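User: I'd like to learn how to read charged pairs, a sheet and a buried helix in a model. Can you walk me through them?

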Amino acid sequence: MKKCCIAFFSAVLFVAACADKKTNSVSETSSEQSAAVAEDIDDEETIIDEEPMPLAADELFDDFLFNFAANRRLQLDRIEFPLTVNSGHKQEQLERSQWKMENFFMRQDYYTLIFDSQEQMEIVKDTSVQDATVEKIFLDDDFVRQYVFSRKSGRWMLCEIRNQTLPRNVNAPFLSFYKQFVADSLFQRESLAEQISFTGPDPDDDFQQIEGVITPDFWEAFAPEFPTRMLYNIVYGHPQPSANEKILVLRGIANGLEVEITFQLENGRWKLTKLLT
C-alpha cells in the first residue's frame, strides 16, 4: 500500500479522478438508460421465471433479494398474502391479484446502504440473520417505504410493508442532513472535515492503492456523484438507535463499483471524514 500526501500527489490524483469519474460515478439514471435497462430486465425476468431459485440463495438475504427482485414467479411465492400495508393509523390488506412486480434497484446500475460502523458492515455475510428490511427513501417527498422480510422455516418471506414519514425513520437526523448535503454546494463544503482520509486506486498500478488526505479545496476533484432523489437501504436484523457515525456505501450491480463515504457527528454537526473508492 502506497501512502502519499495530497500536497505532493494532488495533480496526479486530480487527473486520475477526472478520468475515472465518468466510469465510476453514480449518477441518476437517464430516461434512455432506464428504458434500456428496463427492457433488459423484462427479458431476463422471462428467462429467470422459468428457473427455480437455488436453495443456497436463502442463506444470505442479499442473494435472496436479487432473485426476489428479478423473478416474478418467486416474488409472488414469497409474499404472505393478504399482505399488510401499514401507514401509521391506516392499514390495508393487499391481495395477490393487486400486487405489482417490485424490482427495487435492479433498474439502475447501483444501490446504496447505510451502516453505523465498519463492524456492522460484516452482518451482510451473517447467515444467522432472520429479519431484514429494505427501505426505499424518497428524499424529495420526505417519505420512506419499508419492505419487511422474515426467514420462516428457512425461507425468506415478505411479511409487511410500512409507510412512514422521513422524520420517523431511525436514520432521520442523518437523512435530513444528507438531503441538504447533496442539494446545497455551500452546505456540502461546510460539511467537509479539514482533512478527509482518502484511499483509492493507484493510477500507475492497477494492483495497488494509495492513501492520503484530501482538503476541502480539492474535494470536487474526488467527490463521487451522490444520489439526490432516492436512496435504498437494507436493515439487517432489527433497527438500532441512530449512531454518531454513518457509512454510506454506493455498490454497483455487476460493474465492480464500490464507494464508501464516512460521516462523523462532531459537536452536533455531520462532517464527511473519509472516502474510499
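User: Is Arg189 buried, partly exposed or exposed, and what is its relative accessible area?

Analyst: Keep in mind that this is a predicted model. Arg189 has a relative accessible area of 42%, so it counts as partly exposed. Its salt-bridge partner is Asp217, with the closest N and O atoms 2.6 Å apart. That pair ties together distant parts of the chain: Arg189 sits in helix H6 (residues 185-190), and Asp217 is in the loop between S9 and helix H7 (219-222), 28 residues apart. Asp217 counts as exposed, because its relative accessibility is 62%.

User: Which residues do salt bridges with shared partners join into one network?

Analyst: The general idea first: side chains of opposite charge can pair when their charged atoms come close. Here, Asp58, Asp77, Arg78 and Arg155 are linked into one network. Asp58 and Arg78 meet at 2.9 Å, N to O. Asp58 belongs to the loop between helix H2 (31-48) and H3, while Arg78 is in the loop between helix H4 (72-77) and S2. Arg78 is buried, at 5% relative accessible area, and Asp58 is buried too, at 6%. Arg78 also bridges to Asp77, where the closest N and O atoms are 4.0 Å apart; Asp77 is partly exposed at 42%.

User: What about Glu260: which side chain of opposite charge is nearest?

Analyst: That's Arg251, 5.7 Å away; Glu260 is buried yet has no salt bridge. To count, the nitrogen and oxygen would have to be within 4 Å. What Glu260 does have is a polar contact of 3.2 Å with the side chain of Gln118. Glu260 sits in strand S12 (residues 258-266), and its neighbours include Met121, Ile247 and Leu275.

User: Now the sheet. What is the strand order?

Analyst: Strands of a sheet pair through backbone hydrogen bonds, either parallel or antiparallel. This open sheet of six strands runs S3-S2-S7-S6-S5-S10, with mixed pairing. S3 (90-94) and S10 (230-236) are the edges, each pairing on one side only, and the twist averages 20° from one strand to the next. For a parallel example, take S2 (residues 79-87) and S7 (residues 155-165), which pair over four bridges; Ile79 stands opposite Leu158 there.

User: Which helix lies across S2, S5, S6, S7 and S10?

Analyst: Helix H3 (residues 61-70), running at about 135° to S10. Seven of its 10 residues are buried, so H3 is largely enclosed by the rest of the structure. Among the buried ones are Phe61, Phe64, Leu65 and Phe68.

Note on methods
Residues are numbered from 1 along each chain as its sequence is written. This is a predicted model: local features need pLDDT of at least 70, side-chain atom pairs count only at pLDDT 80 or more; totals for chains, interfaces and linings use all residues. Side-chain values use heavy atoms; hydrogens and water are left out. Two strands pair if DSSP finds at least two bridges between them. Helices (H or I, at least four residues) and strands (E, at least two) are DSSP runs, numbered from the N terminus. Axes are lines fitted to C-alpha atoms, for helices over the stretch in contact, and angles run from 0 to 180 degrees between N-to-C directions. Contact means heavy atoms within 4.5 Å. Buried means under 20% relative accessible area, exposed over 50%, partly exposed in between (1.4 Å probe, protein chains only). Lys and Arg count as positive and Asp and Glu as negative; His and the chain ends are not counted. A polar contact is a pair of N or O atoms within 3.5 Å; within protein, one must be able to donate a hydrogen and the other to accept it, and residues adjacent in sequence count only if both atoms are side-chain atoms. Lists of a residue's contacts leave out its neighbours within four places in sequence.
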